[in-house]
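Biologist: Please show me the model, then take a close look at a single part of your choosing and set that part against the rest of the chain.

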Amino acid sequence: MRAMQDLLQKIEAYKAEVSSFNATDTKQVEEFRIKWLGSKGLVKSLMGEMKNVPNEQKREAGQLLNEFKNFVEEKFNALKEATEASEQSGATLDLTLPGDETPLGSRHPIALMRNRIIAIFQRLGFAVAEGPEIEDDWHNFTALNLPEHHPARDMQDTFYIDAGQNSAVDWLLRTHTSNTQIREMEKGKLPIRVICPGRVYRNETISARSHCFFHQVEGLYIDENVSFADLKQTLYFFVKEMYGQDVRVRFRPSYFPFTEPSAEMDVSCFICGGEGCNICKKTGWVEILGCGMVHPNVLQNCGINPEKYTGFAFGMGVERPAMLKYGINDIRLFSENDVRFLKQFTSAL
Ligand code: 2U9
């Protein structure tokens with residue numbers, strides 16, 4: 001009984017070994033033949049074990065052994081045929097062939113534009129700061145001098161988070177990256193010169209022109225004796241680096257609760273050069289950012305003495321300049337993750 005069992009086990013194991021064997025040249029095929037089918041090979045030695053099998057099982061054992069021998073011979077013929085064919089056609093391994101190309105990802109156009117903006121301000125000594133997208137009411141609104149009943153706080157414009165009845169504060173998705181500057185100011189280390197990129201959320205209907213989330217880069221500079229002249233020079237440098245040395249700039253008075261005085265900055269249209277086109281709505285000017293001197297109340301809210309320190313701040317969206325630069329006509333493309341869209345952009349910074 002045992003002899004038959006041993007034989008069956010060996011045949012199974014040998015079959016697995018033969019099946020998984022592969023050869024790349026005729027030399028390996030010959031080694032295979034000697035090992036399995038040679039006069040001192042494993043098939044012969046298995047045959048020799050027949051003598052230990054009891055008589056009444058000899059017939060069955062002989063059949064199995066014959067099947068196994070055929071199996072090895074078939075494998076040998078197949079290996080021989082394959083290697084001879086490839087050697088005759090000269091298809092040996094060509095080490096000079098180029099390797100498989102590694103597919104490279106690409107940078108998202110929003111990241112490309114954001115990095116361009118950041119790099120310019122970094123050259124002026126601004127550090128990058130990031131803050132949370134889920135924020136409390138203080139850092140997003142109250143500290144920024146947004147009065148309690150300001151329309152921006154409305155449920156219509158802001159995504160509030162239901163944190164349950166016991167929550168001591170109102171939680172929301174930040175509506176601008178200004179929460180990050182507030183957090184920098186609260187740290188109490190002066191002077192401050194930071195640039196704050198990030199995603200912000202507003203409760204808007206999604207269309208080709210607006211989305212319920214988008215990206216901003218905001219900046220803040222606080223020190224003794226910082227003036228509106230510093231603000232203008234910093235932003236002049238930025239636009240000339242961004243849109244070329246010939247670009248013209250104009251400031252228009254504006255209003256933001258967190259800056260006083262406040263302004264919006266336009267550049268001469270970089271599409272038509274100021275002649276008038278669809279992008280600048282025939283005005284020759286394109287609005288690119290808002291700015292102003294930090295309101296004394298905002299400094300005070302963060303424990304900074306407005307008698308001693310002053311500062312300027314500015315903010316801009318990333319989507320619009322990216323759409324203009326890359327000729328993208330629908331803001332929704334940025335968040336659809338369609339590879340046909342994404343792969344059109346470079347993998348460089
Ligand atoms: C602090 C104090 C002041 C940031 C500013 C703007 C003006 C502005 C908009 C541009 C287009 C937002 O993306 S947008 O819709 N931003 O016009 N942002 S001043 O002022 C600050 C920020 C933080 C502590």
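**Helix α10 and its surroundings**

Modeller: A compact globule of 349 residues would have a radius of gyration near 20 Å, whereas this protein has 37 Å; the radius is taken over C-alpha atoms, and the globule rule is 2.2 Å times the number of residues to the power 0.38. The model is a predicted one, in which local features need pLDDT of at least 70 and side-chain atom pairs count only at pLDDT 80 or more, while totals for chains, interfaces and linings use all residues. Residues are numbered from 1 along each chain as its sequence is written, and side-chain values use heavy atoms, with hydrogens and water left out.

Taken along the principal axes, the C-alpha atoms fill a box of roughly 110 × 55 × 40 Å. The protein holds 11 helices and 10 strands, which are DSSP runs numbered from the N terminus (H or I over at least four residues for a helix, E over at least two for a strand). Of its 349 residues, 39% count as buried, that is, under 20% relative accessible area, with exposed meaning over 50% and partly exposed lying in between (1.4 Å probe, protein chains only). Contact here means heavy atoms within 4.5 Å, and among contacts between residues at least 6 apart in sequence, 67% join residues at least 24 apart.

The part I have chosen is helix α10, which covers residues 319-326 and in which Glu319, Pro321, Ala322, Met323 and Leu324 are buried. The cover over these buried residues includes two helices, α5 (109-123) and α8 (228-243), together with the strands β6 (213-223) and β10 (310-317). After α10 comes Gly327, with a positive phi near 65°.

One of the covering helices, α5, leads on to Leu124, which lies in the loop between α5 and β1 (127-128). Leu124 counts as partly exposed because its relative accessibility is 28%. Leaving aside neighbours within four places in sequence, Leu124 is in contact with Arg193, Thr234 and Phe237. From C-alpha to C-alpha, Leu124 and Arg193 are 9.3 Å apart in space, although 69 residues separate them in sequence.

Elsewhere along the chain, several backbone features deserve a look. Most residues other than glycine have a negative phi, and most peptide bonds are trans. The bond joining Leu190 and Pro191 is cis, with omega about -5°, and Pro191 sits in the loop between α7 (178-186) and β5 (192-201). A second cis bond runs from Glu260 to Pro261, with omega near -5°, and Pro261 is found in strand β8 (residues 259-268). Lys282, in the loop between β8 and β9 (285-294), has a positive phi near 65°; Lys282 counts as exposed because its relative accessibility is 62%. Asn145 likewise has a positive phi, near 65°, and lies in the loop between α6 (137-140) and β3 (160-161).

For a contrast in burial, consider Thr83 in helix α4 (residues 55-88), which is buried because its relative accessible area is 3%. Not counting residues up to four places away in sequence, Thr83 touches Ala23, Thr24, Asp25, Thr26 and Val29. A polar atom of the Thr83 side chain also lies 3.2 Å from the backbone oxygen of Lys80.

Key. Polar contact = N/O pair within 3.5 Å; in protein donor to acceptor, adjacent residues only side chain to side chain.
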